[in-house]
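Got your viewer open? Let's take a walk through this one together, picking a few spots to click on as we go.

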Amino acid sequence: MKRLTLVFLGVVLLGFGVSPGFSQGQPSPLGIVIQPTEFQAFISVSRPVCAVGQTIEIYYRANEAPYYAYILDIQGNNVTRLLPNRFESNNYVTDTNQRTLPGVATYRLVCSPPFGPEYVQIIAS
C-alpha cells in the first residue's frame, strides 16, 4: 500500500508541474546561438607542379588575428603536418600579414616521390 501511495503521489506531483530537482523560478537554458563570423584563412603554393628536387614554398594568411595556424600536406591516405614542426614550433600568428613556410632558413620543402595529387590545407583557429 505504501508503494502505491508513493507512485500516486509522484504522478500527482508531476501532473501539477512539480518535479523533484526542478524548482519554479529557475531560468531554463536558452541554448547556444551560433553567430557566423567572417574569419577566413588563405593558403597557396609557389608552384602548382614540381619536379624531383625542386623546392616549394607555402604562403598563408588570415583576415583576422591572432590565430593558431596548422598546415597539413595530404597525399592519398597520408597526412603530414608541416606547421608546427621541429624547426618552427610556434604556430601562433599575431598579425594578418602573409607568411611563408618555410619561414626560417634552417630547412627547405623539397619535392620528392611518390607523385600524384597532393593537397595543402590550413586550419586556422
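Start by selecting Arg99: with 28% relative accessibility, Arg99 counts as partly exposed. Keep in mind that you're looking at a predicted model. Now add Asp95 to your selection. Asp95 is partly exposed too, at 24% relative accessibility. Show both side chains and look between them: Arg99 and Asp95 make a salt bridge, and their closest N and O atoms sit 3.3 Å apart. Why would two side chains pair up like this? Side chains of opposite charge can do so when their charged atoms come close. How many salt bridges does a search of the whole structure find? Just one.

Next, turn on the surface and pick Tyr68, Tyr70, Tyr92 and Ile123. Together these residues make a nonpolar patch on the surface, with about 350 Å² of accessible area. Zoom in on Tyr68, which belongs to strand S4, residues 67–75. Tyr68 has a relative accessible area of 38%, so it's partly exposed.

Time to go inside. Hide the surface and select Tyr60, Ala69, Ile71 and Leu101. The largest nonpolar core has 15 residues, and these four touch the most other members. Colour strand S3 (58–62), S4 and strand S5 (78–83) as well, since you'll want to see the elements that each give two or more residues to this core.

Last stop: Ala69. Skip its neighbours within four places in sequence, and you'll find Ala69 in contact with Tyr60, Leu83, Pro84, Asn91, Val93, Ile122 and Ile123. You've met Ile123 before, in the nonpolar patch on the surface.

Methods:
Residues numbered from 1 in each chain as written. Predicted model: local features only at pLDDT ≥ 70, side-chain atom pairs only at ≥ 80, totals over all residues. Heavy atoms only, no water. Salt bridge = Lys/Arg side-chain N within 4 Å of Asp/Glu carboxyl O. Buried < 20%, exposed > 50% of the residue type's maximum accessible area, 1.4 Å probe, protein only. Patch = residues over 30% accessible without salt bridge, like charges linked within 9 Å, V, L, I, M, F, W, Y side chains within 5 Å. Areas by Shrake-Rupley, 256 points an atom, 1.4 Å probe, with all protein chains shown as cover. Helix = DSSP H or I, 4+ residues; strand = E, 2+ residues; numbered from the N terminus. Core = buried A, V, L, I, M, F, W, Y, C linked by side-chain atoms within 4.5 Å. Contact = heavy atoms within 4.5 Å.
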